[in-house]
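Work through the exercises below with the model open beside you. Try each task before you read its solution.

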Amino acid sequence: MSFDVERVRRAFPALEEGAAHFDGPGGSQVPRQVADAVAATLTAGIANRGSVTTAEQRADAVVLDARASMADLLGTDPRGVVFGRSMTQLTYDVSRALAKQWANGDEVVVTRLDHDANIRPWVQSAECAGALVRWADFDRETGELPVEAVNSVLTPRTRLVAVTGASNLLGTRPDLEGIVAAAHQAGALVYVDGVHLTPHTTVDVATIGADFYACSPYKFFGPHLGVLAADPQLLDSLHPDKLLPATNAVPERFEAGTLPYELLAGVTATVNFIADVAESTPDASRREQITASMTAVEEHEDRLLSRLESELSSIGGVTLHGRPSRRTPTLLFSVRGAAPKQVHEFLATKGVNAPGGSFYALEASRWLGLGDEGAVRAGLAPYTNDDDIDRLLEGVALAVR
Ligand SMILES: Cc1ncc(COP(=O)(O)O)c(C=O)c1O
């Protein structure tokens, strides 16, 4: 499998500024093709979705293409792809719609490994419905969230399990299939936060078995918006608040107001960009191309991760947090004598972008004993190269006091 990192880098105008970007888990850089697609849609004739004028037809095609693109990326049904402002907003909306069906004494499971966007909406919606929240804890030493941690808090009253596909703090990739099987056994639905997982692997929602899978294209080269994928029949059983004249069709029922057509065109360009990362194979479907690309990306990122992990841990005064057996290329570390914010600021003077904080995985950061201050996070992306790693290692070595 060939992966040409320099070819990938050339697609990102932002890299010409010269910074080494380890801030991908907060939002990736954007390839030229994606920006061009956004601009082209903004300047083309466009109207509300419809079938009469060219402008109406264009808006309709943009939406349908974006649904098909995300379905190819995630291995789902395009009729169950919902677009929203962000994963956070979509999760709030789904939690409120689901909570209409919960009764006093029902239960919801959240995990301490999750980003707050897959905790707080559930906690608050459960509170409104009189449902009880149960917490699944992860292992502080390893950073793992074993299936048993979730299984042990399931009861016949569990209505929903909210779990991350990958921790944006530690990179931990829980055994989603095992967790989904246990939750389904208990009769609960599963809402997977795929925001940090989707940029780093081939996602197949059908294999995972998740009832809901949420992600954010701006974490994988796309524009700033959120995506939710679910079985259209399941979506049809939910009734979010909506305007009277707005359609009750699925998935539009969940998309309050007018969709950002230009960003949706960017989503399609993003998925096409991903499909094009690996060499194209004649007659391969886009889904097959995506799988080939993400396999190549994973190999590239895993190699750089092993290198970074072993060399960072050999710098005296650096403490790495967590050592999950399956992880995304995301490392969390503390530097002796320097607060995370200071390390972030120092590295920035060297042109190395690696922020410090809890990154909204507040429960996880507190559970690790890192409080609200957190630690420094280095996230790799397909455009990361060995030179970036050298610069990060040099910077961190200088930051130790
Ligand atoms: C793991 C994870 N989940 C959820 C979110 C929230 O995503 P959004 O900004 O689309 O609401 C983030 C954002 O950083 C994240 O990293």
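The exercises go from sheets to single residues and end with a helix pair.

This is a predicted model, in which local features need pLDDT of at least 70, side-chain atom pairs count only at pLDDT 80 or more, and totals for chains, interfaces and linings use all residues. Residues are numbered from 1 along each chain as its sequence is written, and side-chain values use heavy atoms, with hydrogens and water left out.

**Exercise 1. Lay out the seven-stranded sheet and find its edges.**

Step 1. Fix the terms. Helices (H or I, at least four residues) and strands (E, at least two) are DSSP runs, numbered from the N terminus. Two strands pair if DSSP finds at least two bridges between them.

Step 2. Read the order. The sheet is open and runs β2-β8-β7-β6-β5-β3-β4, with mixed pairing.

Step 3. Find the edges. β2 and β4 (132-136) each have a single partner strand, so one side of each is left without a neighbour in the sheet. From one strand to the next, the twist averages 20 degrees.

Step 4. Check a parallel pair. Three bridges link β3 and β5 in the parallel sense. Here Val-109 stands opposite Val-161 of β5.

**Exercise 2. Describe the surroundings of strand β8.**

Step 1. Take one partner. β2 (residues 81-84) pairs with β8 in the antiparallel sense over four bridges. Val-81 stands opposite Ala-229.

Step 2. Take another partner. β7 (residues 212-215) is joined to β8 by four bridges and runs antiparallel. The bridge partner of Ala-214 is Leu-228.

Step 3. Sort the side chains. In a regular strand they alternate between the two faces of the sheet. In β8, Gly-226, Leu-228 and Ala-230 point one way, and Val-227 and Ala-229 the other way.

Step 4. Check burial. Buried means under 20% relative accessible area, exposed over 50%, partly exposed in between (1.4 Å probe, protein chains only). Five of the five residues of β8 are buried.

**Exercise 3. Is Asn-118 buried or exposed, and what does its side chain meet?**

Step 1. Locate Asn-118. Its loop lies between β3 (107-111) and α5 (120-129).

Step 2. Read the area. Asn-118 has a relative accessible area of 0%, so it is buried.

Step 3. List contacts, meaning heavy atoms within 4.5 Å. Beyond neighbours within four places in sequence, they include Met-87, Thr-91, Tyr-191 and Asp-193.

Step 4. Look for a polar partner. A polar atom of the Asn-118 side chain lies 3.4 Å from the backbone oxygen of Val-163.

**Exercise 4. Describe how α10 and α11 pack.**

Step 1. Choose the descriptors. Two packed helices are described by the angle between their axes and the distance between the axes. Axes are lines fitted to C-alpha atoms, for helices over the stretch in contact, and angles run from 0 to 180 degrees between N-to-C directions.

Step 2. Read the values. α10 (residues 261-275) and α11 (residues 286-313) pack at about 60 degrees, with axes 7 Å apart.

Step 3. Classify the angle. α10 is therefore oblique to α11. Under 35 degrees counts as roughly parallel, over 145 as roughly antiparallel, 65 to 115 as roughly perpendicular, and the rest as oblique.

Step 4. Name the contact residues. Among them are Val-271 and Ile-274 of α10, and Ile-290 and Met-294 of α11.

Technical notes
A polar contact is a pair of N or O atoms within 3.5 Å; within protein, one must be able to donate a hydrogen and the other to accept it, and residues adjacent in sequence count only if both atoms are side-chain atoms.
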